[in-house]
Amino acid sequence: MSMHRRTLLKGLGAGAALATVKAPYVHAQGATFKLGLLTVKTGPLAQGGIQMEQGTVTYLKEKNYTFAGRKVEFFSADTGGNPAGAKTKAQELVEREHVDVILGPLAAFELLAITDYIAQAKTPLLSLAAAEDITQRRPNPYFLRASATSAQAMHPMADYAAKELKLKRVMTISEDFAFGYEQMGGFQQTFEDNGGKIVKKLWPPIVTPDYTPYLAQLSGVEAIVQGFAGANTGKFMQQYKDAGLKLPLLGGEAAGDDSLLKSFGDEAIGLISASFYTSDFDTPSNKKFAAGMVRDYGNLPGLGAASLYINGMVVEAALEKTGGKTDDKDALIAALRAVSLDDTPRGPFHFDHLGNIVGNIFIRRCEKRAGRLVNTTVKTYENVSQFWTYDEKWFLAQPVYSRDYPPPKS
């Protein structure tokens, strides 16, 4: 087995207790740097989880598995896409493998399940998961997010819908879990602030074979805003087309994910989506990253791959500042949060004082060119924070976006 890459195959069982955190394991300087990944390889979210591992490995290969003079040993753990699995695998990475930093997990409900344990263990965690409150009302001092909160792309999407598309009445539909609630809550907040109206919000379960009962309700508006992720995105759009629906579709960061484009048909043409990453972004690092993904995996990178590749950049930059030292976890997380980069696959960014990224959000239109689907950027919102244009103190005094918040304006 390669010294650079191992996969955790055996779990402790979903019921493994996490109440006790062992004393921190101290690495000798010059020892390998141990990097853990919590990802998902089965179920409806597996496509994003597989891309997470691909993005991580792409960056590690570029760097010859070496950060700041230390060889990197990589551990990839499959959580199964559920909170119990995330807890078990986080414990394995910390207490059995003694990792220095963890990347992941993917889903908000996984992150919420492990955040207290991570803080207790004092292990820096850089996650793709968009759970808002981990960088808002329940901040974790050992947490960093280089992707976006659930609503971070949807505030600009709503701004674009109201000001550029001149929409006034829409309906929303997204899976019945935290990521969906927070996406649609953010869209609603900004859309209504710009004079728009949310006529109805629909919440199909994450496992919904047939969307017909929901599709029958999509009428009387100018557009539909969908927040599906993974395999559900294509399934919804295909059924939408088959039902003969013609209303324009708008979507969040996962709805038009570049990595899914080759699995979509013509039903995706015209989809307008907002994302923190787009494969058509013209920078040297994005060209290099996208070329590496196409070469090694035969597909464009999407959110999962881009976020984890960028997390690799952040970890390496922090280790350069600490001289490769990782024993002082407080110094390590301080170095991670101080990272500010200019040339990355998503453009320039830095982190706010709560550990969330401030950077570009791209509005894209899905088009067909030379026989294949592509996302074309039509507008870039720069320096977008998790609070959008709202006052931070006011924003944090409100409830977290949820199924019922904000309530619809009359």
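**Exercise 1. Identify the bridge partner of Ile224 in β11, and follow the chain between the two strands.**

Solution. In this predicted model, Ile224 has Leu249 as its bridge partner in β11. From β10 the chain passes through α7 to reach β11, and this β-α-β crossover is right-handed. The pairing of β10 with β11 is parallel and runs over three bridges. On β8, which also pairs with β10 in the parallel sense, over four bridges, Thr172 stands opposite Val225 of β10. As for the side chains of β10, Ala223 and Val225 point one way while Ile224 and Gln226 point the other way, and all of these are buried.

**Exercise 2. Describe helix α7, stating its span, which of its residues are buried and what covers them.**

Solution. Begin with the span: α7 comprises residues 231-242, and its 12 residues reach 17 Å from the first C-alpha to the last, close to the 16 Å expected at 1.5 Å a residue. Next, take burial, for which the cut-off is under 20% relative accessible area: the buried residues of α7 are Asn232, Thr233, Gly234, Phe236, Met237, Gln239 and Tyr240. The elements that cover them include β8 (169-173), α6 (212-215), β10 (223-226) and β11 (249-251). Finally, just after the helix, Gly244 adopts a positive phi of about 80 degrees.

**Exercise 3. Determine which residues touch the most other members of the largest nonpolar core, and which helix gives the most to it.**

Solution. The largest nonpolar core has 104 residues, of which Met157, Phe187, Phe191, Val314, Val315 and Leu336 touch the most other members. Helix α9 (residues 303-322) gives the most to this core, with 11 residues. A second, separate core of 20 residues includes Leu218, Phe236, Tyr240 and Ala268; two of the residues named there, Phe236 and Tyr240, are also listed among the buried residues of α7.

**Exercise 4. Decide whether Ala68 and Ala370, each with a positive phi, are partly exposed or exposed.**

Solution. First locate Ala68, which is found in the loop between β3 (66-67) and β4 (70-78) and has a positive phi of about 50 degrees although it is not a glycine. Because its relative accessibility is 22%, Ala68 counts as partly exposed. Then turn to Ala370, in the loop between β14 (357-369) and β15 (372-384), where phi is near 50 degrees, again a positive value in a residue other than glycine. Ala370 has 86% relative accessibility and therefore counts as exposed.

Note on methods: Residues are numbered from 1 along each chain as its sequence is written. This is a predicted model: local features need pLDDT of at least 70, side-chain atom pairs count only at pLDDT 80 or more; totals for chains, interfaces and linings use all residues. Side-chain values use heavy atoms; hydrogens and water are left out. The expected span of a helix is 1.5 Å times one less than its number of residues. Buried means under 20% relative accessible area, exposed over 50%, partly exposed in between (1.4 Å probe, protein chains only). Contact means heavy atoms within 4.5 Å. Two strands pair if DSSP finds at least two bridges between them. A crossover is right-handed if, with the strands pointing away from the viewer, the path from the first strand over the helix to the second runs clockwise. A nonpolar core is a set of buried Ala, Val, Leu, Ile, Met, Phe, Trp, Tyr and Cys residues joined through side-chain atoms within 4.5 Å.
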